[in-house]
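Student: Could you take me through one part of this model in detail? I'd like a close look at the second largest pocket, what lines it, and then the nonpolar packing elsewhere.

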Amino acid sequence: MTRAPAPNPRHLLARISLMSLLLAAGAAPTAVQAQTATKLKVGLMLPYTGTFAALGTAIENGFRLQLAETGGKIAGREVEFFKVDDESDPSKATDNVNKLVKRDQVDVLVGTVHSGVAMAMAKVAKDSGTLLIVPNAGADAVTGAMCAPNIFRSSFSNWQPGYAMGEVVAKKGAKKVVTITWKYAAGDESVKGFKEAFEKGGGQVVKELSLPFPGVEFQALLTEIAAAKPDAVYTFFAGGGAVKFVKDYAAAGLKKSIPLYGAGFLTDGTLEAQGDAADGLFTTLHYADSLGTPRDAAFRLAYAKTYKLQPDVYAVQGYDAAQILAIGLNAVKGDVSKKAEFAAAVEKSKIDSPRGLFSLSKAHNPVQDIYLRQVVGKENKLVGVASKALTDPARNCKM
Ligand code: BEZ
C-alpha cells in the first residue's frame with residue numbers, strides 16, 4: 001500500500017495564514033479557494049550540467065518567458081519554482097523526481113531532456129497522479145506504452161523527425177545508408193523511425209553504429225563509415241555531443257564525400273560552436289530559424305531581448321510547455337486536482353506555438369509539421385515541410 005506523503009510544513013503555514021485572512025473577512029474558504037489562492041508549485045527537472053546543460057537552460061528560459069507574458073501567473077496563481085539538476089543520468093532519475101513529488105509536493109512536473117530520465121519521470125507521474133509536461137525528451141514510450149491522462153508532451157516523439165528524414169533521404173535517391181548515434185532510447189528510436197520510412201521508400205540501412213551516451217570518441221566509427229562507403233549517413237546527436245560529431249565528421253574528410261543527414265537536434269543550438277563544419281547540412285525538425293510568421297518573429301524578438309540570445313527548438317518547447325499548462329489550468333480555474341477537465345481542455349485546444357499551430361494527439365504528443373532545414377551561416381533555414389501534420393503512431397498506448 002502506498003502511504004500519503006507527510007504534508008510540507010511551509011505549505012501548511014501558507015494555507016493557515018490564508019484561511020485566517022479569509023475567516024477574518026467573514027468568509028470560510030472552500031477547499032478549492034484555499035488551494036487556488038496559494039502559489040502553484042512547478043517542479044523543473046532538467047539537466048543543468050553535462051552534455052545537455054544548454055538544452056535545459058533554454059527550456060527554462062522559454063517556460064519563464066511565456067509565464068512573464070501572462071504577468072507571472074497561471075490561472076491567477078503565482079508560481080513558485082522547485083528545481084533539480086537531473087544531470088541526464090537515468091540512474092539518479094527516480095530519486096530526483098521523488099525530491100520534487102514527495103519532498104516539495106509540487107503541483108506539476110516539467111521535465112526533461114534525456115529520454116531515459118523522462119521514462120523514470122513518467123513512471124512516477126503515472127503512479128502518483130502528478131501532472132507531467134515533457135518539454136523535450138522524445139522517448140516513444142512516454143506517449144506510447146506509458147501514456148496516461150496526466151502526461152503531456154510539448155516537444156516530439158523520437159520517431160517523428162527520424163521518420164520524416166527517412167522519407168527525404170529515400171526521395172533523394174540514396175540506396176544504402178549507415179546510421180550512427182548514442183546507444184540509448186533517443187538514438188535507437190530516432191534510427192528506427194528513419195529506417196521505417198527509408199526502407200519503405202526503397203532504401204536499405206546497411207550498418208547501425210553506436211556508442212554509449214554521452215561518449216564522443218567517434219574516430220573508430222568514422223573509420224568504419226569511410227570503409228563502408230554508403231550513399232549517405234543518418235544520425236541523432238544533440239547538445240555538446242552534436243558539436244563534436246559534426247566537427248569530427250568534417251575533419252575526417254567525410255563531409256565532402258558522404259552526405260550527412262540528421263534529426264534537427266544535430267544543428268539546433270549548436271551552430272556557433274560548430275562553425276563551418278555544419279554549413280550546408282540538412283536536418284528535419286518541428287522548428288526552423290526562419291519560419292517568417294508574425295507569431296515566430298514576436299517570440300524570437302522577445303526571447304532575444306530577454307536573454308540576449310537567439311532561441312532554439314528547446315526554448316520553443318519550454319515556452320509551449322508553459323502554454324499547455326496555462327490552457328489546462330485556466331480551464332479548471334487553477335484547481336490541479338481536476339485532472340480529467342484539465343486533459344479535456346488541452347486535448348481540444350490548438351496550441352499557438354512559434355513553430356506553427358499544433359494540437360495534441362489522443363496520446364498527448366504533438367501532431368505537427370516536420371520541417372526540412374538546411375544550415376546556412378548560423379541559421380537552420382527553412383527549406384520546406386518534409387511531413388505535414390505528422391502523428392506519432394503511439395504504439396501500445398491504451399488510454
Ligand atoms: C532525448 O533523449 O530524447 C533527446 C535528447 C536531446 C535532444 C533530443 C532528444
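Tutor: Sorted by class, the lining of the second largest pocket has 10 nonpolar, 10 polar and seven charged residues. Keep in mind that this is a predicted model. Those classes are spread over 27 lining residues, and the ones nearest the pocket's centre are Gly-269, Thr-270, Gln-310, Pro-311 and Asp-312. Several elements give two or more residues to that lining: helices H3 (53–69), H9 (239–251), H11 (271–274) and H12 (294–307), plus strand E15 (379–390). H3 supplies the largest share, with six residues. On the domain level, at least three lining residues come from each of domain 1 (36–156 + 291–364) and domain 2 (159–285). As for volume, you've got about 550 Å³ of space in there.

Now for the nonpolar packing. The largest nonpolar core holds 100 residues, and Val-42 and Leu-325 are the ones that touch the most other members. Helix H13 (residues 313–331) puts in the largest share of this core, 11 residues. Here, too, domain 1 (36–156 + 291–364) and domain 2 (159–285) each give at least three residues. If you zoom in on Val-42 and skip residues up to four places away in sequence, its contacts are Phe-63, Val-79, Glu-80, Phe-81, Phe-82, Val-106, Val-108, Val-110 and Leu-325. So that you don't miss it, another core of 25 residues lies apart from the largest one, with Ala-93, Leu-132, Val-134 and Ala-137 among its members.

Note on methods. Residues are numbered from 1 along each chain as its sequence is written. This is a predicted model: local features need pLDDT of at least 70, side-chain atom pairs count only at pLDDT 80 or more; totals for chains, interfaces and linings use all residues. Side-chain values use heavy atoms; hydrogens and water are left out. On a 1 Å grid over the protein atoms alone, a cavity is a set of points where a 1.4 Å probe fits but cannot get out, and a pocket is an open set with protein on both sides within 12 Å along at least five of seven lines; lining residues have an atom within 4 Å of a point. Grid points are joined across faces, edges and corners, and a volume is the space filled by probe spheres set on the points. Helices (H or I, at least four residues) and strands (E, at least two) are DSSP runs, numbered from the N terminus. Ala, Val, Leu, Ile, Met, Phe, Trp, Tyr, Cys and Pro count as nonpolar, Asp, Glu, Lys and Arg as charged, and the others, Gly among them, as polar. Domain bounds come from an automatic or database domain assignment. A nonpolar core is a set of buried Ala, Val, Leu, Ile, Met, Phe, Trp, Tyr and Cys residues joined through side-chain atoms within 4.5 Å. Buried means under 20% relative accessible area, exposed over 50%, partly exposed in between (1.4 Å probe, protein chains only). Contact means heavy atoms within 4.5 Å.
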